[in-house]
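Dear colleague,

I am handing over the structure below, and my notes on what was found in it follow directly after. Please read them with the structure open beside you.

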Amino acid sequence: MTNNYELYKVFYWAAKTGSLTQAANALFLTQPSVSHAIKQLEESFGLTLFYRNSKGVSLTQEGAILYSYIEQSQILISLAEKKMAELKNLETGVLRIGGSDSLFKHYLLPYLEDFHRRYPEVGIQLLHGTTPEIMGYLKEGKIDLGVARMPIVDSHIEVREGIQLQDCFVAGCAYANLKDKVISLETLLEHPLILFSRNSRARMAITELFHEYGYELKPEIEVGSVDLLIELARKGLGISYVAREFVSKELEEGSLFEIKLDVELPPSQVGIMNMRNVPLTTAAQKFMEEFSL
């Protein structure tokens, strides 16, 4: 048995108000239309749902049982409509983004702070991971947006270009003898190097560059965060490879200096990812629009 939802809605308002006239007014229908809808519903069940009386209508025993179910569905529908309105107006919801610690801290943090200030009722969830992990989180529906270094090649994922990063080698005062000198890759390799772990895009890029020049890159220390790259270099444990944008403060204050090389290190592009042909949530769409990510 299938009944049109509109018939149940008419039944609900007639039962709720006890009046066909009031039900018609609430639904912007004519009274004959309401009477016809109720008749259709009664015929489909083969049961009488209302008694007609001088004051209007009242439920039969069977009608009261039906109303107990329909009332629950109407309450849920009303709550759903309210929730949709709240999501549209960003009065609730959640913004879910995947990325690395460094990109969160040095790139997205100011945008996230501003978004939270504007829409304090929207929760923010940050999921950390490598680029392959972030791509997996997108496909699994765990995040709405992903931030990672390019290239990002996947036919299911749409990518927008974000900021450009310029990686460089930096050192602390322990290597002051290298300051203001232009050195070769061979000379650089004579010193202990501190690099990201093997599965990071930054590590892959610099390893490939060294291979192009015929050198094998063997770091003394491997780490998983920019903060450790910076701190270990400051303490003199080696020369770190990091985005210049992420160490601007240290370079400015002089706790670190950039190693000048006789070859040019290519810049890298940050990409903003989302699933292709999958609509963004209102929160994610607003975040992208307002901050031109």
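Lys142 is partly exposed, with a relative accessible area of 43%, and in this predicted model its side chain meets that of Glu140 in a salt bridge, at 3.1 Å from N to O. Glu140 itself counts as exposed, at 52% relative accessibility.

This pair is one of 13 salt bridges that the structure holds. Another joins Asp144 to Arg96, with the closest N and O atoms 2.9 Å apart, and it links distant parts of the chain, since Asp144 sits in the loop between helix H6 and strand E5 while Arg96 belongs to strand E3, 48 residues apart. Here Asp144 is buried, at a relative accessible area of 9%, whereas Arg96, at 21%, counts as partly exposed.

Glu258 and Arg244 also form a salt bridge, again with 2.9 Å between the closest N and O atoms; because Glu258 lies in strand E12 and Arg244 in the loop between strand E11 and helix H10, the pair ties together parts that are 14 residues apart in sequence. In addition, Asp114, Arg117 and Arg118 are joined into one network by salt bridges that share partners.

Turning to helix H2 (residues 20-27), Leu20, Ala23, Ala24 and Leu27 are buried, and these residues fall within an arc of 100° when seen down the helix axis, so they line one face of H2. They pack against helix H1, helix H3 and strand E2. At the N-terminal end of H2, Ser19 acts as a cap, with a side-chain oxygen 3.2 Å from the backbone nitrogen of Thr21, and just after the helix Phe28 takes a positive phi of about 55°.

With best regards

Note on methods:
Residues are numbered from 1 along each chain as its sequence is written. This is a predicted model: local features need pLDDT of at least 70, side-chain atom pairs count only at pLDDT 80 or more; totals for chains, interfaces and linings use all residues. Side-chain values use heavy atoms; hydrogens and water are left out. Buried means under 20% relative accessible area, exposed over 50%, partly exposed in between (1.4 Å probe, protein chains only). Helices (H or I, at least four residues) and strands (E, at least two) are DSSP runs, numbered from the N terminus. The arc is that of the directions from the helix axis to the C-beta atoms. Contact means heavy atoms within 4.5 Å. A polar contact is a pair of N or O atoms within 3.5 Å; within protein, one must be able to donate a hydrogen and the other to accept it, and residues adjacent in sequence count only if both atoms are side-chain atoms. A salt bridge is a side-chain nitrogen of Lys or Arg within 4 Å of a carboxyl oxygen of Asp or Glu.
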